[in-house]
Amino acid sequence: MISKQTSERIAFAVVTAATVIVVTPVILIVAYILINGLPGISWEFVSQMPTHGMKAGGIFPAIYGTILLIIGTALFAVPLGVGAAIYLAEYAEEGRLTRAIRLAIINLAGVPSVVYGLFGLGLFVVFLGMGSSVLAGSLTLAILVLPVIIASAEEAIRAVPQDFRQASLALGATKWQTVRNQVLPNALPGITTGIVLGLGRAAGETAPILFTAAAFFLPRLPTSPFDQVMALPYHLFVIATQIPGMPVEKQYGTALILLLIVLSAYGVATIVRMRFAARKLW
Amino acid sequence: MEATRLTRAVAHRQRLGDRLVEVFIYLCGFAAVVIVALILLFILREAAPLLGAYSPLDFVGGIRWYPLSGVFGILPLILGSLVVTLGAIAIALPLGLASAVYLAEVASPRVKDVLKPAIELLAGIPSVVLGFIGYLVVAEMVKNVFHLPTGLTGLTGSILLAYMALPTIVSIADDAIRAVPVEYRHASTALGATRWQTIVHVTMPAAKSGIVVAVMLGVGRAIGETMTVWMVTGNAPVIPTTILQPLRTLTATIAAEMGETPRGSEHYQALFAIGLVLFVITLAINSVSYLVVRQHEDKR
């Protein structure tokens with residue numbers, strides 16, 4: 001019979017080991033892609049059109065397409081998401097309706113990304129006749145990231161002290177003036193963090209744009225919101241699994257560029273959060 | 001007089017502007033409900049013709065998925081998703097709970113400040129990048145360890161899905177454990193229990209409902225994952241008999257076949273019907289976990 005102190009030591013060693021098993025692959029994956037991807041990256045790689053059936057040249061149209069999709073997603077998701085967050089934090093009263101809204105948001109967060117793709121296909125591409133396009137893809141991605149933006153923006157708005165609102169209302173400001181002039185400026189860093197995280201997520205998603213925006217290969221850049229685009233995540237899928245004899249350094253190079261875009265969103269969000277924490281007035 | 005009237009006019013216009021903005025905010029508030037309804041509506045709309053002509057029982061219970069011959073049995077795909085998901089949970093549950101216990105009860109704040117972002121980073125890696133690594137590295141490992149003809153198997157998918165579900169499981173379980181009142185722990189240690197005995201007999205039972213939610217949301221995440229499983233599970237739409245064979249999930253079937261099927265065909269409708277099945281499964285999982293959390297909060 002081992003003493004309870006010994007069994008505690010064994011148990012703590014086991015949970016520590018489990019945490020190492022969880023965390024190590026994350027570091028390995030990022031390092032592995034970095035090491036294998038860096039040799040494939042050059043100015044030509046990020047600025048040129050692909051040639052020779054995508055086996056040579058660069059990936060510029062895929063980067064450009066992903067940037068367009070992120071901008072489009074932001075245009076739709078930011079006003080809608082922040083508006084919904086203001087509603088939930090400032091206007092909603094606890095009751096059946098608010099519960100229904102919260103349940104809907106939680107369910108939106110859990111809908112599989114490929115189902116968003118089907119929805120985008122059914123509503124935007126077919127029913128509204130947008131075709132497979134930047135516009136349809138952006139709208140689909142915007143709905144996908146909505147729960148992320150709403151949740152973090154609401155949290156940021158709720159974190160603004162109640163005193164600020166009372167002081168403003170006591171001076172005769174209306175509800176909206178209070179929200180606009182006192183609450184939103186103070187919640188801005190938190191809202192920004194949520195937006196950046198949401199857009200980073202949108203940049204990395206593949207399944208929602210498969211049938212709503214992404215092209216296998218396009219020899220030219222899109223010129224209107226109704227054009228199809230190439231996009232980095234789908235491009236990585238294509239060159240990793242669909243084209244035999246694809247040079248490995250192009251695959252790793254593409255994975256690295258995609259990872260850099262998505263992880264820099266995490267970096268920016270972390271910096272905003274830290275700078276804000278250091279300057280916090282209350 | 002003139003000045004007062006002017007101020008009043010300005011104030012009136014401001015109030016009108018306020019009203020317009022507030023109307024916009026109210027509309028945004030209801031958007032989420034409208035969107036959930038629209039998703040259901042538009043997936044049903046595309047799937048409906050098939051569900052009218054093809055018996056739902058043959059669809060869900062059929063053992064053959066031969067879409068080009070008009071045979072749409074999705075049982076192999078349901079079982080494929082089930083096998084991969086159960087495998088993922090078998091890996092992620094012990095690892096995730098142990099990590100959550102470590103983070104909440106054992107780690108020093110400084111260690112935790114490093115580890116938590118690292119685990120969150122895992123959630124940030126795009127699924128197609130994980131699929132790419134899985135295809136090149138994890139599949140090779142599975143192939144060599146089990147001496148298989150191909151490494152693209154259910155197990156490969158389970159391993160990768162486990163890591164995709166881990167951030168969800170760890171962070172929610174960690175929150176649940178830390179939400180247990182500190183008095184419970186003090187009472188237990190005062191009775192002479194060690195920290196580990198306290199964790200096993202007091203803290204974990206008290207955090208039970210949060211841990212259940214963590215697992216459910218992890219399952220939801222795993223069932224809905226698309227790109228990674230598509231890339232690493234080998235895509236064979238057959239009834240799986242072992243986790244070490246190539247199989248096909250519900251999500252991968254939609255992603256792989258939608259691009260090649262003519263709009264409005266029976267095959268196209270069948271893929272939307274699969275989407276409907278997925279939507280209903282995840283809706284159920286998420287609604288139940290929301291109710292569990294809600295009930296727990298009400299009790300507090």
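**Terms and values in a two-chain model**

Biologist: His147(B) sits in the loop between helix H5 (127-146) and H6 of chain B. What makes His147(B) count as exposed?

Modeller: The model is a predicted one, and the term rests on a count of neighbours. His147(B) has 7 C-beta neighbours inside 10 Å. A residue is exposed if that count is 12 or fewer, so His147(B), with 7, is called exposed.

Biologist: What is said of phi at His147(B)?

Modeller: The phi of His147(B) is positive, about 50 degrees, although the residue is not a glycine. Most residues other than glycine have a negative phi. Asn235(B) is likewise a residue other than glycine with a positive phi, in this case near 55 degrees.

Biologist: Where is Asn235(B) found, and why is Asn235(B) called partly exposed?

Modeller: The loop between helix H10 (227-232) and helix H11 (250-257) of chain B contains Asn235(B). Within 10 Å of Asn235(B) there are 18 other C-beta atoms. Buried would need 20 or more and exposed 12 or fewer; 18 falls in between, so Asn235(B) is partly exposed.

Biologist: Arg158(A) lies in helix H6 of chain A. Why does Arg158(A) count as partly exposed?

Modeller: The reasoning is again a matter of counting. Arg158(A) has 15 C-beta neighbours inside 10 Å. Since partly exposed covers the counts between 12 and 20, Arg158(A) belongs to that class. As for position, Arg158(A) and Phe127(A) are 31 residues apart in sequence, and their C-alpha atoms are 38 Å apart in space.

Biologist: Why are H5(A) and H6(A) called oblique to each other?

Modeller: Their axes come within 9 Å and cross at roughly 135 degrees. Oblique is what remains once angles under 35, over 145 and from 65 to 115 degrees have been set aside. An angle of roughly 135 degrees is in none of those ranges, and H5(A) and H6(A) are therefore oblique. The crossing of the two helices is right-handed.

Biologist: Which residues make the contact of H5(A) with H6(A)?

Modeller: H5(A) contributes Ser113(A), Tyr116(A), Gly117(A), Gly120(A), Phe124(A) and Val125(A), and H6(A) contributes Ala136(A), Leu139(A), Thr140(A), Ile143(A) and Leu144(A). Sorted by class, this contact has seven nonpolar, four polar and no charged residues. Gly117(A) and Gly120(A) enter the polar class because glycine is counted there.

Biologist: How do you know that H3(A) is oblique to H8(A)?

Modeller: The axes of H3(A) and H8(A) cross at roughly 140 degrees and come within 9 Å. Roughly antiparallel would require an angle over 145 degrees; roughly 140 does not reach that limit, which makes H3(A) oblique to H8(A). The crossing is right-handed, and the contact has 14 nonpolar, three polar and one charged residues.

Biologist: What makes H4(B) oblique to H6(B)?

Modeller: In chain B, helix H4 (residues 109-124) and helix H6 (residues 154-178) pack at about 130 degrees, their axes 8 Å apart. That angle is above the perpendicular range, which ends at 115, and below the antiparallel limit of 145, so H4(B) is oblique to H6(B). Here the crossing is left-handed. Ile119(B), Glu120(B), Leu122(B) and Ala123(B) of H4(B) meet Tyr163(B), Leu166(B), Pro167(B) and Val170(B) of H6(B). The classes are seven nonpolar, no polar and one charged; Glu120(B) supplies the charged entry because Glu counts as charged.

Biologist: How many residues of chain A are in contact with chain B?

Modeller: 67 residues of chain A are in contact with 68 residues of chain B. H1(A) gives the largest share of the chain A side, 18 residues. That side divides into 50 nonpolar, 15 polar and two charged residues.

Biologist: Which domains does the assignment give for chain B?

Modeller: The assignment gives domain 1 (2-53) and domain 2 (61-299). The centres of these domains are separated by 35 Å, taken over C-alpha atoms. Nine residues of domain 1 are in contact with eight of domain 2.

Terms used: Residues numbered from 1 in each chain as written. Chains lettered and ligands numbered in written order. Predicted model: local features only at pLDDT ≥ 70, side-chain atom pairs only at ≥ 80, totals over all residues. Contact = placed C-beta atoms within 7 Å. Helix = DSSP H or I, 4+ residues; strand = E, 2+ residues; numbered from the N terminus. Axes fitted to C-alpha atoms, helices over the stretch in contact; angles between N-to-C directions. Left-handed = near helix turned anticlockwise from the far one by under 90°. Domains from an automatic or database assignment.
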